[in-house]
Amino acid sequence: MKKNKSPKQKTSVWQRYWLASVAFLERAAQQRHVLALRDGMIASVPIILVGSVFLLLGAQSEIITAYFNGQVSWLPNLADTSLGKWYLSHTALFYTPYRLTMGLLSLYVAFTIASALAGQYKMPPLTQGLGAAAALLITGAVEKAPVGAQGTPQWVILLKPLGPEGLFLAIILGLAMVEISRLCGFAPKRPKPEQMSRNNTSAGAESKTRDKAEAEGKSQVDAQSSAEVDAASKEATVTSQTIPPSVLEAFRSFAPMLILATAVWLIRHVAEIDINAAFMALIKPLHELGDSLPAVLFANFFMHLFAVAGVHGISVINAVMLPLWQQFVAVNAEAHAAGLPLPHVTAFPFYQWFIWMGGAGATLPATLLLFTMGERWKKLGKMAIVPALFNINEPFLFGMPVVANPLLAIPCILAPLVCGVIAWLAVSGGLVSAPFIEVPWVLPCFLGAPLSTQDWRSIILVAVNFCVSGGIWYPFLRVYTNRN
C-alpha cells in the first residue's frame, strides 16, 4: 500500500521547493545584465532623491491653498502670512531643479546603465556611458521655438521623452552600447581553457627547469629571463608614456558609438519611427479595459513589472491610463454634486490611496517591517520611512534593492495585485465610497483616502490592505535579509 506522507515530510518537501526557488532567483540576480541594471539604477538614486525633495517642496502649494487658507477653522491660515504669500507666488522656482533632475532621468540612467555593464566586462565605463547618453539624445526631436522675453528662435529639445517615460529606451540603449563595443572587440579577451592549461603546463615546466639549473649552479637562464622582463617593462613604459590610456580608450570607443548613433538616427529621423511612441502603443489596449477589475490587474501588473526592471512604471502607465482615470474623477465629482450615485470605481485616487500605499509596490508596510530585521536593515528603514509616508519609496526600492532583484520582485508585483482585488470588491460592492476628489499625492495614505472619498470607512480599507501587503512582503523580506 502507498503510505501517506506525514505533515513533517510534506513541510520538508515544501521547504525544499521554496529553498530551490530562492536559490534559482538568487542565481538569476547574479546575471551580468541584471547586475548592471541594478547597479545602474542605484547609481541614479541621488538624482531621484534631489528631484523628489524639490517636487515635495513645490507640491505643498496645493495643500496650503486647499486646507490652510483660513476656511478650515481648526487649521492655521498660512496662505495669508508673509512667508505663505512668498511661497505661493514663487512655487514655480521649486520645480526647476525637479525638471532638470527627474525631468532628465532617462539621460542619467542611460549613462549609469552603460557604465555599470562596462564595469561587469572590465571595460572603461565613461566612454560607454557617454555613448549611451548621446544615442538617447538623438532619439529626441529638435525644433526651433521662440525662447526668452524677446522670443528669439532657438533650437530646443523636448524634456518629456528624456524623463521617466523614456527609461525603458534608456536601458536598452545603455545595454546596446556596451554590447556593440564588445562585438567590436573593445572588451578585454578572456584566455581560453586550453590556453590556460597550456600556460600552466609551460609555467610548471619552466619552474622545474629553473630548479634544476639552480641545483647545478647555472644562472644563465635567470639572467636571460631577467633581461627579457626588463626589456618588456621598458617597452610598456615607453608605450604608456607615448599614448595615454584615456586617449586610446576614447579612439577605440569611436566606432561603437558611431554605429549606435547611426542606427538610432536612421530609425528615429530617417524612417521617422518614434521609438517611445511605439512602446506606448504596446500598452494602449489597457485603455480599452476601462473601469473593470481586469483593468486594475493589468495596469498594476505591467506597472510593477516595469518598476522591478528599473523603469518608472507609474510614469509609463500614467501616460496611457491617467487621462481615463482623471476623467473618472471628473465624472464622479459631477455625479456627487448632482446627488447621483458615483458611476466609476477606479478613479485615479483609487489606485493612489488603496493600492500604492507608500509608492509602487505598496511598500509602506514593507518599510516598517525593516525595523524588525537586523541592524543594517533598521538603518535603511530609518532613512526610508519618512519619504515613504509621502509616497516616495525610491530609498526602499534601490536601498534593498528591489530593482533587478528577482526574489523581492515577487511581493512587489503580488502585493498591489491582491490589494487591487480587495479594493475593487470593496468599492464596487458599496462597502466604501468611490473617490471623487483628487487630493495631492504627497499626502499619507491614511489622510488621502478619507479626503478623496469623504468616507471614514476608507480608513478601514486602507488598514486592511496595509496588513495584507505587509503579510505578503514579510516572508520574502525575512529570507532576503537573513541571506544578506
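Q: Which residues form a nonpolar patch on the surface?
A: L137, V142, W155 and I157 do, with about 390 Å² of accessible area together (Shrake-Rupley, 1.4 Å probe, only the protein chains shown count as cover). Patch members have over 30% relative accessible area and no salt bridge (Lys or Arg side-chain nitrogen within 4 Å of an Asp or Glu carboxyl oxygen), and nonpolar side chains are joined within 5 Å. This is a predicted model: local features need pLDDT of at least 70, side-chain atom pairs need 80 or more, and totals for chains, interfaces and linings use all residues. Residues are numbered from 1 along each chain, and side-chain values use heavy atoms, without hydrogens or water.

Q: Is I157 buried or exposed?
A: In between. I157 is partly exposed (20% to 50%), at 32% relative accessible area.

Q: Where does I157 lie?
A: In strand β2, residues 152-157 (a DSSP E run of at least two).

Q: How many bridges join β1 to β2?
A: Six, and the strands run antiparallel. β1 covers residues 142-147. A145 has Q154 in β2 as its bridge partner.

Q: What's in the turn?
A: The hairpin has four residues between β1 and β2. G148 in that turn has a positive phi of about 85°.

Q: New topic. Which residues touch the most other members in the largest nonpolar core?
A: W325, F350, F354 and V427, out of 40 residues (buried, under 20% relative accessible area, joined through side-chain atoms within 4.5 Å).

Q: Which helices supply at least two residues of this core?
A: Among them are α15 (293-308), α16 (313-337) and α23 (457-483) (DSSP H or I runs of at least four residues). α16 gives the most to this core, six residues.

Q: What lies apart from it?
A: Another core, of 38 residues, including L105, L380, M400 and A404.

Note on methods. Buried means under 20% relative accessible area, exposed over 50%, partly exposed in between (1.4 Å probe, protein chains only). Patches are made of residues with over 30% relative accessible area and no salt bridge: like charges are joined within 9 Å, nonpolar side chains (Val, Leu, Ile, Met, Phe, Trp, Tyr) within 5 Å. Two strands pair if DSSP finds at least two bridges between them.
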